[in-house]
Amino acid sequence: MWAGMPIEIEDWGDFEAMLRAELARLNFSDCVLVRNFDLETATVDKDTMVQSGSVDRLDLVLRTGTDRDETSDFWNAPGFDHDHDLNPAEKAPQDIIYAYPVDLRHTPYQVHVDGAWEVLDLTEQLEDVCGILIYDASKLTRTSNNEHWFNGDPRDALLAVFKPLPYE
């Protein structure tokens with residue numbers, strides 16, 4: 001179970017080296033899941049589409065182990081995610097994540113995408129309003145290309161949290 005503080009990163013270009021260092025510190029060498037997330041999101045009424053506040057997703061991660069809550073959407077992308085509309089799984093939004101499996105036995109790391117491992121920079125599009133969550137892949141069940149279900153408390157699967165420096 002992760003009980004630490006977020007790892008502050010000055011430049012997303014340093015992510016791979018910092019991830020490798022953190023996993024070495026944890027003596028962890030298995031496959032990980034990498035999920036990027038918005039550090040803060042707007043709360044929008046789904047009926048009126050009016051913004052009514054915001055959710056501090058980083059704080060949610062620190063408390064629960066996941067940035068998803070009961071207001072999070074299921075993606076349901078055909079052929080890519082579990083289709084919760086066609087096959088309800090009795091899962092709440094906070095019981096699942098959308099993330100990439102990452103194999104760090106290679107340099108640079110390889111990402112499992114569309115059934116194959118490839119070199120892909122998962123930080124390429126990230127801005128200073130994003131963070132990255134690292135999970136122990138063995139503590140989740142992969143249900144589709146991009147979707148994983150927690151086997152227990154998300155805090156038990158969480159290995160590391162990366163956030164830009166400074167983020168207040």
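This note sets out numbered points on a predicted model of a single protein chain.

1. Overall composition. The chain contains three helices and twelve strands. Of its 168 residues, 44% are buried. Among contacts between residues at least 6 apart in sequence, 63% join residues at least 24 apart. The exposed surface of the chain comes to about 9,300 Å², and carbon and sulfur atoms supply 49% of that area.

2. Helix α1, buried side. Helix α1 covers residues 15-25, and its buried residues are Phe15, Glu16, Leu19, Glu22 and Leu23. Viewed down the axis of α1, these buried residues fall within an arc of 130°, so they line one face of the helix. The spacing follows a general rule: an α-helix has 3.6 residues a turn, so residues three or four places apart point the same way.

3. Helix α1, partners and outer side. Which strands receive the buried residues of α1? They pack against β1 (7-9), β2 (32-38), β9 (130-136) and β12 (158-164). On the face of α1 turned away from the buried side, the exposed residues are Ala17, Ala24 and Arg25. Just after the helix, Asn27 adopts a positive phi of about 55°.

4. The sheet around β11. Strands β5, β11 and β10 form an open sheet in that order, with antiparallel pairing. Strands β5 and β10 stand at the edges, each with a single partner strand, so one side of each has no neighbour in the sheet. From one strand to the next, the twist averages 30°.

5. Strand registry. Strand β5 (residues 96-98) pairs with β11 over three bridges in the antiparallel sense, and Ile96 has Trp149 as its bridge partner in β11. Strand β10 (residues 140-142) likewise pairs with β11 over three bridges, again antiparallel. Here the bridge partner of Thr141 is Trp149, while that of Arg142 is His148. Trp149 therefore serves as bridge partner to Ile96 in one pairing and to Thr141 in the other. Strands β10 and β11 form a hairpin, with four residues between them.6. Side chains of β11. In what directions do the side chains of strand β11 (residues 147-150) point? Glu147 and Trp149 point one way, whereas His148 and Phe150 point the other way. Residues on both sides are buried. As a general pattern, side chains in a regular strand alternate between the two faces of the sheet.

7. Lys163. Strand β12 contains Lys163. Is this residue buried or exposed? Lys163 is buried, because its relative accessible area is 7%, and the cut-off for burial is under 20%. The side chains of Lys163 and Glu8 are joined by a polar contact of 3.0 Å. Leaving aside neighbours within four places in sequence, Lys163 is in contact with Pro6, Ile7, Glu8, Ile9, Leu39 and Leu58. Glu8 thus appears in the contact list of Lys163 and also as its polar partner.

Terms used. Residues are numbered from 1 along each chain as its sequence is written. This is a predicted model: local features need pLDDT of at least 70, side-chain atom pairs count only at pLDDT 80 or more; totals for chains, interfaces and linings use all residues. Side-chain values use heavy atoms; hydrogens and water are left out. Buried means under 20% relative accessible area, exposed over 50%, partly exposed in between (1.4 Å probe, protein chains only). Helices (H or I, at least four residues) and strands (E, at least two) are DSSP runs, numbered from the N terminus. The arc is that of the directions from the helix axis to the C-beta atoms. Contact means heavy atoms within 4.5 Å. Two strands pair if DSSP finds at least two bridges between them. Axes are lines fitted to C-alpha atoms, for helices over the stretch in contact, and angles run from 0 to 180 degrees between N-to-C directions. A polar contact is a pair of N or O atoms within 3.5 Å; within protein, one must be able to donate a hydrogen and the other to accept it, and residues adjacent in sequence count only if both atoms are side-chain atoms. Accessible areas come from the Shrake-Rupley method with a 1.4 Å probe; for residues, only the protein chains shown count as cover.
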